[in-house]
Structure formats: structure tokens, C-alpha cells
Amino acid sequence: MAGTARTVIIEEHGGPEALKLADWPVGEPGPGEIRIRHKACGLNFIDCYQRSGLYPMTLPHALGMEASGVIEAVGEGVSHLEVGDRAAYASAPPGAYCEARVMPAAQVCRLPDAISFEEGAAMMLKGLTVQYLFHRTTPLQAGDTVLFHAAAGGVGLIACQWAKSEGIRLIGTAGSDEKCALAVEQGADACINYATEDWVAKVRELTDDAGVDVVMDSVGKATFEGSLDCLKPLGMMISFGNASGAVDAFNLGLLAQKGSLKVTRPTVFTHISDHATCQSMAGMLFGKVASGEVGIRIDQRFPLEDVAEAHRVLEARRTTGQTILTLE
């Protein structure tokens with residue numbers, strides 16, 4: 001038996017103070033499972049949603065959706081991983097904030113030697129999100145224009161580089177001049193400080209009043225309606241997060257009035273639910289990072305025991321790039 005491992009759990013939904021460090025049983029992998037010893041863990045907004053109860057869970061429950069480490073044991077029927085493999089994942093069920101765990105193997109991916117464990121922990125959920133935004137949601141090609149909110153965040157900085165690597169014009173938004181400068185440095189064509197500028201008017205100005213082909217929006221309630229006003233006729237609104245709260249109900253006829261617009265609300269976990277698709281998506285992401293087209297910028301590191309402070313900093317929008325929890 002693998003005994004126990006330090007694991008971050010919640011016993012009730014609430015603020016960061018609800019996060020507790022506990023010794024959690026690990027055990028042996030069953031059919032279709034692996035046991036992984038983590039080197040680093042990723043931090044994502046979905047973790048905050050699950051902790052707060054916006055996405056309710058049966059309690060008590062461990063938290064965390066993303067990590068990297070070394071495979072310690074492999075259950076029956078697992079053929080794509082072996083003991084000793086370096087690996088990384090973004091995957092349900094929650095439980096990645098820990099030293100070690102047993103989990104389903106299908107979405108765990110072999111991590112290339114060219115990518116560090118810290119990069120692996122920081123890149124999987126956000127990088128796979130960018131992959132489906134640019135390759136699996138609506139057709140995009142070189143020369144298209146995308147509006148990307150929170151362009152200096154974890155997903156945003158990957159998206160800026162990804163867009164540049166494929167000849168897609170990305171206009172970003174961020175909450176400070178410093179964050180805007182970072183997004184442009186990472187590949188955005190332009191970035192608008194929404195704290196000081198009318199970002200809808202600025203998008204119209206930057207596109208000669210034509211609007212953008214696609215909006216990619218993880219902010220939610222605060223930006224949804226304005227984002228619709230930034231789209232070209234027949235444009236696509238991709239709402240993929242709720243950082244400012246869930247989008248309010250709206251009259252579907254509004255989409256017709258604004259130019260026969262399209263709206264979708266995807267999640268990465270639907271896209272990676274199929275094993276082969278997940279591995280293929282990860283392969284494209286690993287290729288982008290290993291080639292240097294996309295760099296994984298880790299700007300915040302917190303020891304596992306400081307996870308509550310990590311959540312506070314993330315929710316206060318005081319982060320740029322990626323944030324990880326360290327275990328050594």
C-alpha cells in the first residue's frame with residue numbers, strides 16, 4: 001500500500017480559509033488507473049469555483065485539477081504509461097493538490113523530457129484550453145482577428161503566443177498598463193486597459209469598425225454584453241469562464257439583432273473526455289512548447305501548505321502568467 005499523502009481538502013464550501021491540509025489515503029491503482037507522485041501542482045480558477053460552491057461537490061473532497069510527476073504504479077489495462085514515466089495531466093476528478101494520488105489514467109499524458117515538471121504542472125489545463133479554443137471550437141485561420149479577455153493571465157499569455165505562431169491577430173484586454181505590456185510582449189497585436197479605456201470602442205477603432213471574428217472570454221458576467229458588440233456579423237462568442245460571475249440570462253433574439261451571432265459555452269473537460277483526443281491535443285501542446293513557439297511563464301510559486309494564500313492572490317487578480325504549488 002502507498003499509505004497516505006499530504007492532500008488539500010475542503011470539508012465545507014467557502015472562502016480560502018476552507019482549504020485544509022490533511023493526510024489522505026492513497027492506495028493502489030485499479031483497472032484503468034495509475035498512481036502518480038507529484039512534483040508540482042497547477043492552480044486554476046475552476047479550483048476556486050469548486051471550493052466556493054459555485055461548482056458544488058460532494059464533501060469532504062480533495063481539490064485541484066492539474067499536476068505533474070512520476071508514475072509509481074500502473075493498473076490493469078493501462079498501456080500508454082509505465083512505471084517511472086514523467087507525466088502531466090489536467091483531469092477530473094479533483095484531487096491534484098497533493099503529494100501523490102491514484103486516478104484514472106486516460107487523461108494522464110507522458111511528459112516530454114524537454115518540458116520541466118514545473119512547466120508541465122502549469123501548462124496542461126490552460127494549454128489544452130487554448131488548443132480547443134483555436135482548433136476545436138470554430139474555424140480559425142491566419143489573418144483572422146480574435147478578442148481575448150484577461151490576456152495577461154495564465155490562459156491569456158499562452159493564447160497570445162499561440163495566436164502569433166499561427167498568424168492570427170489577437171487583441172487583448174487586461175486590468176493595468178503593466179499587464180497590457182506583458183500581453184503585447186508575448187504576442188498580442190494590441191492590448192486594451194479596460195480600467196482606463198472604453199474597450200468596446202477601442203476594439204472597433206482597432207478593427208476599422210469591422211469587429212472581430214471571435215471573442216474568447218473567461219471573465220463572464222462583466223464582459224459578456226460588451227463582447228457581443230465587438231463581433232462582426234456571423235461572429236462567434238466563446239464564453240469559457242466565470243471570473244467575474246456567471247453570465248446573466250439574456251434574450252436569444254439579441255444575437256439576431258447584433259448580426260446573427262453565435263455563442264458557445266465549452267469546457268476543456270468535454271474536449272479531453274475521449275482518451276485518444278486528449279492525447280492528440282496534448283501532443284500539439286507539447287509540440288508548441290518544446291519548439292519554443294509557446295513559453296510557459298511561471299510568475300507565482302507557493303508551497304502546498306500556503307494554498308489558501310495562493311487562492312486569495314488568484315481571486316484578487318494579482319497574478320500574471322501561471323501559478324503553481326510546489327512540493328519540494
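Begin by selecting arginine 318, which is exposed, with a relative accessible area of 53%. The model you have open is a predicted one, and every stop on this tour should be read with that in mind. Arginine 318 forms a salt bridge with glutamate 309, and the closest N and O atoms of the two side chains are 3.9 Å apart. Add glutamate 309 to the selection and you will find it partly exposed, at 34% relative accessibility. Elsewhere in the model, Glu28, Arg35, Arg37 and Glu72 are joined into one network by salt bridges that share partners.

Now step back by one residue to arginine 317, which sits in the loop between helix 10 and strand 16. Its backbone deserves a look, since arginine 317 has a positive phi of about 60° although it is not a glycine. Most residues other than glycine have a negative phi. Arginine 317 is partly exposed, its relative accessible area being 35%.

Then select threonine 319, placed in the loop between helix 10 (307-315) and strand 16 (322-326). Is threonine 319 buried or exposed? At 11% relative accessibility it counts as buried, because the limit for that word is under 20%. If residues up to four places away in sequence are left aside, threonine 319 touches Lys179, Gln300, Val313 and Leu314.

For the next stop, go to leucine 19, which lies in strand 2 (residues 19-25). Leucine 19 is buried as well, with a relative accessibility of 10%. Which residues does leucine 19 touch, when those up to four places away in sequence are not counted? They are Val8, Ile9, Ile10, Arg51, Leu63, Val307, Ala308 and His311. Among these, valine 307 is worth showing together with leucine 19: their C-alpha atoms are separated by 7.5 Å, while the two residues are 288 residues apart along the chain.

Next, display helix 2 (residues 117-135) together with helix 9 (residues 275-290), whose axes come within 9 Å and cross at roughly 105°. That angle makes helix 2 roughly perpendicular to helix 9. To see the contact itself, show the side chains of Met123, Met124, Gly127, Leu128, Gln131, Tyr132 and His135 on helix 2, and on the side of helix 9 those of Met281, Ala282, Met284, Leu285, Phe286 and Val289.

From here, turn to lysine 288 and glutamate 293, whose side chains meet in a salt bridge with an N to O distance of 3.9 Å. Lysine 288 counts as buried at 8% relative accessibility, whereas glutamate 293 is partly exposed, with a relative accessible area of 39%.

Another salt bridge to select is the one between lysine 258 and aspartate 229, where the closest N and O atoms are 2.5 Å apart. This pair links distant parts of the chain, 29 residues apart: lysine 258 is in the loop between helix 7 (253-257) and strand 14, and aspartate 229 is in the loop between helix 6 (224-228) and strand 13 (231-239). Lysine 258 is partly exposed at 25% relative accessibility, and aspartate 229 is partly exposed with a relative accessible area of 31%. In the whole model the count comes to 21 salt bridges.

Move on to valine 263, which is found in strand 14 (residues 262-264) and counts as partly exposed at 34% relative accessibility. Show the surface here and add Phe250 and Leu252, because together with Val263 they make a nonpolar surface patch of about 270 Å².

The last stops concern the backbone. Select alanine 150, in the loop between strand 9 (145-148) and helix 3 (154-165), where a positive phi of about 55° appears although the residue is not a glycine. Alanine 150 is partly exposed, with a relative accessible area of 32%.

Where in the chain should you look for proline 60? It lies in the loop between helix 1 (45-52) and strand 4 (61-62), and the peptide bond leading from leucine 59 to proline 60 is cis, with omega near 0°. Most peptide bonds are trans. Finish at proline 93, in the loop between strand 6 (86-90) and strand 7 (100-104), where a cis peptide bond joins alanine 92 and proline 93 with omega at about 0°.

Terms used
Residues are numbered from 1 along each chain as its sequence is written. This is a predicted model: local features need pLDDT of at least 70, side-chain atom pairs count only at pLDDT 80 or more; totals for chains, interfaces and linings use all residues. Side-chain values use heavy atoms; hydrogens and water are left out. Helices (H or I, at least four residues) and strands (E, at least two) are DSSP runs, numbered from the N terminus. Buried means under 20% relative accessible area, exposed over 50%, partly exposed in between (1.4 Å probe, protein chains only). Contact means heavy atoms within 4.5 Å. Patches are made of residues with over 30% relative accessible area and no salt bridge: like charges are joined within 9 Å, nonpolar side chains (Val, Leu, Ile, Met, Phe, Trp, Tyr) within 5 Å. Accessible areas come from the Shrake-Rupley method with a 1.4 Å probe; for residues, only the protein chains shown count as cover. A salt bridge is a side-chain nitrogen of Lys or Arg within 4 Å of a carboxyl oxygen of Asp or Glu. Axes are lines fitted to C-alpha atoms, for helices over the stretch in contact, and angles run from 0 to 180 degrees between N-to-C directions. Angles under 35 degrees count as roughly parallel, over 145 as roughly antiparallel, 65 to 115 as roughly perpendicular and the rest as oblique.
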